[in-house]
Amino acid sequence: MPLCAVIGGIITIWIATRDGTGLITDNYYQEGLEINRQLQQDQAAQVAEVRATLTFSETEQQLDLRLEGNIPQPQTLELMLTSPVDPARDVTFELTHTVDNHYQSPLRKGSAGRFYLRLTPDNNNWRLKGEVILPATDPVMIPAKPSAGQN
């Protein structure tokens with residue numbers, strides 16, 4: 001029995017020191033500031049009534065977006081598609097302003113499955129969040145939503 005306890009203790013120490021879990025951070029202050037910035041972006045989008053309609057055209061290999069709201073039209077938008085299960089499938093699109101409130105970007109093939117959306121302008125003043133399952137044949141609506149903890 002004492003030998004089993006010693007072997008178990010050695011294995012436990014080896015597992016504990018082998019690699020970090022990533023759950024503990026040394027930079028909690030910076031992460032807190034980032035969370036506050038994201039909440040401000042969500043609130044700014046909600047106040048300005050920002051909303052977007054996203055269309056994925058597989059035949060034309062084009063990503064089209066119509067942006068609406070009480071905001072000046074930015075020159076570029078960044079659309080990030082994040083896979084909830086495989087970070088290797090994450091993809092970012094830079095949409096450029098074409099005419100009025102329309103933006104476009106070439107569409108890359110091979111993106112299929114469920115993705116989280118994050119749309120931000122070039123100045124990062126606001127952001128929109130949503131979800132999509134690709135390939136999407138219908139337009140995807142992305143309204144401004146209240147952040148967690150807001151009413």
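In this predicted model, Glu68 is partly exposed, with a relative accessible area of 24%, and the residue takes part in the charged pairing described here. Glu68 forms a salt bridge with Arg51, in which the closest N and O atoms are 4.0 Å apart. Because Glu68 belongs to strand 2 (residues 62-68) and Arg51 to strand 1 (residues 51-57), this pair ties together parts that are 17 residues apart in sequence. Arg51 is itself partly exposed, with a relative accessible area of 38%. Glu68 also forms a salt bridge with Arg66, the closest N and O atoms of that pair being 3.1 Å apart, and Arg66 counts as partly exposed at 32% relative accessibility.

In total, the structure holds six salt bridges. Side chains of opposite charge can pair when their charged atoms come close. Another of these contacts is formed by Arg114 with Glu131, whose closest N and O atoms are 3.0 Å apart. The pair links distant parts of the chain, with Arg114 in strand 6 (residues 113-121) and Glu131 in strand 7, 17 residues apart. A relative accessible area of 39% places Arg114 among the partly exposed residues, and Glu131, at 46% relative accessibility, is likewise counted as partly exposed. In addition, Asp42, Arg127 and Lys129 are joined into one network by salt bridges that share partners.

The strands that carry these pairs belong to a common arrangement, in which eight strands form an open sheet in the order 7-6-3-4-5-2-1-8, with antiparallel pairing. Strand 7 and strand 8 (140-143) stand at the edges, and each has a single partner strand, so one side of each is left without a neighbour in the sheet. When direction is ignored, neighbouring strands of this sheet are turned by 25° against each other on average. Strands of a sheet pair through backbone hydrogen bonds, either parallel or antiparallel. Within the sheet, strand 4 (residues 91-97) and strand 5 (residues 102-106) pair in the antiparallel sense over two bridges, and His97 stands opposite Tyr103, a residue of strand 5.

Several loops between strands contain backbone features of note. In the loop between strand 4 and strand 5 lies Asp100, whose phi is near 50°, a positive value in a residue other than glycine. Asp100 is exposed, with a relative accessible area of 60%. A positive phi is also found at Asn124, a residue other than glycine, where the angle is near 60°; Asn124 has its place in the loop between strand 6 and strand 7. In contrast to the exposed Asp100, Asn124 is partly exposed, with a relative accessible area of 39%. The loop between strand 7 and strand 8 contains Pro135, and the peptide bond that leads from Leu134 to Pro135 is cis, with omega near 0°.

With regard to internal space, the structure holds two cavities of 30 Å³ or more. The largest cavity has a volume of about 50 Å³ and is lined by Asp42, Ala45, Arg127, Leu128, Lys129, Pro143, Ala144 and Lys145. Helix 2 (28-47) and strand 7 (128-134) each supply at least two residues of this lining, which divides by class into four nonpolar, no polar and four charged residues. Asp42, Arg127 and Lys129, which line this cavity, are also the residues joined into one network by salt bridges with shared partners.

The second largest cavity holds about 30 Å³ of space, and its lining consists of Phe56, Glu58, Leu107, Arg108, Ser111, Leu134 and Pro135. By class, this lining has four nonpolar, one polar and two charged residues. Leu134 and Pro135, both part of the lining, are the two residues on either side of the cis peptide bond.

Key. Residues numbered from 1 in each chain as written. Predicted model: local features only at pLDDT ≥ 70, side-chain atom pairs only at ≥ 80, totals over all residues. Heavy atoms only, no water. 1 Å grid on protein atoms, 1.4 Å probe; cavity = no way out; pocket = protein on both sides within 12 Å on 5 of 7 lines; lining within 4 Å. Points joined across faces, edges and corners; volume = space filled by probe spheres on them. Helix = DSSP H or I, 4+ residues; strand = E, 2+ residues; numbered from the N terminus. Nonpolar A, V, L, I, M, F, W, Y, C, P; charged D, E, K, R; others polar. Salt bridge = Lys/Arg side-chain N within 4 Å of Asp/Glu carboxyl O. Buried < 20%, exposed > 50% of the residue type's maximum accessible area, 1.4 Å probe, protein only. Pairing = 2+ DSSP bridges. Axes fitted to C-alpha atoms, helices over the stretch in contact; angles between N-to-C directions.
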